Amino acid sequence: MTVRARVKHTFRLPADLTRQLADHARAKRVSQTAVVEAALDNFLSPDGADRLEAAIGRRLDRIGRQADRLEWNVDLANEALALFIRFWLTSNAPLPDAALPAAQAMGRERWERFVESLARRMENGPRLGRELSRDVAGRSRNEPGDGSFADGGAEP
């Protein structure tokens, strides 16, 4: 191991930058000198721009993967809603006027239970995507058909 000669430098830093330096060094459990050396080495390095570009590229890749998952979840929610609406519209006939007030009261009560149940699921899970993945995996091991609503399958 070679020992590099050290040259003492004296310079002044703004108070807020000095605090940031001290906080960072303390958090990383290294000396302030080591932080300054690493920062200068990085700043003056000829491949610093390449490393920065690589770091930004990795972050953009991660953001892209997150956007893909978000798109999949939105598509899943849209398809689930469309499937439910189609199923509901094809299996529920319009009510006569005399039965409408009682149906509306029951609908409000069912809506309140639905909202409570939805709030519990959003807080505690399981999320629909994970639940569907489990259900599909279990179905592929246990049942030959897919049993989907759209194909006339049974309600889960």
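pLDDT is the predictor's confidence in each residue, on a scale from 0 to 100. The views below show a predicted model, in which local features need pLDDT of at least 70 and side-chain atom pairs count only at pLDDT 80 or more, while totals for chains, interfaces and linings use all residues. Residues are numbered from 1 along each chain as its sequence is written, and side-chain values use heavy atoms, with hydrogens and water left out.

**View 1. The protein chain and its confidence.** The protein chain has five helices and zero strands, where helices (H or I, at least four residues) and strands (E, at least two) are DSSP runs numbered from the N terminus. The mean pLDDT of the protein chain is 85, and 90% of its residues reach 70 or more. Among the elements, α1 has the highest mean pLDDT, 95, and helix α5 (residues 128–142) the lowest, 80.

**View 2. Helix α1 and its two faces.** Helix α1 (residues 15–28) has 14 residues, which at 1.5 Å a residue should span 20 Å (the expected span being 1.5 Å times one less than the number of residues), and its end C-alpha atoms are 20 Å apart, which agrees. Leu-21, Ala-22 and Ala-25 of α1 are buried, that is, under 20% relative accessible area, whereas exposed means over 50% and partly exposed in between (1.4 Å probe, protein chains only). These buried residues cover an arc of only 95° around the axis, taken from the directions from the helix axis to the C-beta atoms, so they lie on the same side of α1. The cover over the buried residues of α1 includes α2 (32–44), while the face turned away from the buried side carries the exposed residues Arg-19, Gln-20 and Ala-27. After α1 comes Arg-29, whose phi is positive, near 60°.

**View 3. An aromatic pair in helix α4.** Rings of Phe, Tyr and Trp (its six-membered ring) pair if their centres lie within 6.5 Å, and planes under 30 degrees apart count as stacked, over 60 as edge-to-face and the rest as tilted. By this rule the count is one aromatic pair: the ring centres of Trp-111 and Phe-114 are 5.4 Å apart and their planes stand at 35°, so the pair is tilted. Both residues lie in helix α4 (residues 100–124), three residues apart, about one turn of the helix. Trp-111 is exposed, with a relative accessible area of 53%, and Phe-114, at 44%, counts as partly exposed.

**View 4. Residues 146–156.** Over residues 146–156 pLDDT stays under 50. Where pLDDT is low, the predicted coordinates should not be read in detail.

Notes: Contact means heavy atoms within 4.5 Å.
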